[in-house]
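Here's a quick tour of a single chain, from its overall layout down to a couple of backbone oddities. Have a look at the model first.

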Amino acid sequence: MQTLIVTSHPSLTSLTRSVANHIADGITSADSAHRVEIADLHQENFAPAYQEVDYQAFSSQRTVPDDVRREQQRIDAANNLVLVFPIYWWSMPGMMKGWIDRVFTNGWAYEESPDGKLLKKLGRLNVWLVGLGAATEDVYQRHNYFEAMKTQLEHGIFGYCGAQFRAAEWMLPSQLPRPEDYLTAARELGQRIGSGAR
């Protein structure tokens, strides 16, 4: 088995980065043969802006750019995809959304036929979302933010591509009051992923 963990935070010392590392540790502690790769979009200087070359690839006028192909190959090699991110404006950061915009392309993640039929091409991929938020669970519930993120991320992106959505873990201070609580929860999630539990 192989898991690709993708994270997006500009700080090397962020809690988001620590959570990603603890998920990786949990996976390998549950199964030492399970391979884990962490893709840190900021440290790798991924270019998230959708450009003319991306549009040309979308409309089948050219192949995808090399940086996009590399990311697709990383996902192709993985059984599991875990996205770890701080919640910005009730969604993922722009860099991670740009990664999805550019990498989850027509012809690779899905395919639209001329007659309007949709072929979902990522059915073999298991997906987890791990979002770290600053507001309390009560705020999310009151304003239906959980439902909004579910519609946007779970259905609008991964459901559209046919990926097997496993869970959204929203790590909030009302449930995890100390930084070490986030890390414990991250390691436990990694152990579930590594052991094959849903």
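A residue counts as buried under 20% relative accessible area and as exposed over 50%, with partly exposed in between. Trp89 has 81% relative accessibility, so this tryptophan counts as exposed. Keep in mind that we're dealing with a predicted model here.

Trp89 sits in the loop between strand 3 (80-86) and helix 4 (94-103), and its phi is positive, near 50°, even though the residue is something other than glycine. Asn45 has a positive phi as well, about 55°, and isn't a glycine either. You'll find Asn45 in the loop that joins strand 2 (35-40) to helix 2 (52-58). Is Asn45 buried or exposed? Its relative accessibility is 65%, so it counts as exposed.

Here are the two side by side:

| Residue | Phi | Relative accessibility |
|---|---|---|
| Asn45 | about 55° | 65% |
| Trp89 | near 50° | 81% |

Now zoom out. The chain has seven helices and seven strands, running in the order β-α-β-α-α-β-α-β-β-β-α-α-β-α along the sequence. For 198 residues, a compact globule would have a radius of gyration near 16 Å, and the chain's 17 Å agrees with that. Along the principal axes, the C-alpha atoms fill a box of roughly 50 × 40 × 30 Å.

As for packing, 46% of the 198 residues are buried. Among contacts with a separation of 6 or more, 77% come from residues 24 or more positions apart.

On the outside, the chain exposes about 9700 Å², with carbon and sulfur atoms supplying 49% of it. The charges comprise 19 positive and 23 negative ones, and the mean positions of the two sets are 4 Å apart.

Conventions. Residues are numbered from 1 along each chain as its sequence is written. This is a predicted model: local features need pLDDT of at least 70, side-chain atom pairs count only at pLDDT 80 or more; totals for chains, interfaces and linings use all residues. Side-chain values use heavy atoms; hydrogens and water are left out. Helices (H or I, at least four residues) and strands (E, at least two) are DSSP runs, numbered from the N terminus. The radius of gyration is taken over C-alpha atoms; the globule rule is 2.2 Å times the number of residues to the power 0.38. Buried means under 20% relative accessible area, exposed over 50%, partly exposed in between (1.4 Å probe, protein chains only). Contact means heavy atoms within 4.5 Å. Accessible areas come from the Shrake-Rupley method with a 1.4 Å probe; for residues, only the protein chains shown count as cover. Lys and Arg count as positive and Asp and Glu as negative; His and the chain ends are not counted. The place of a charge is taken as NZ of Lys, CZ of Arg, CG of Asp or CD of Glu.
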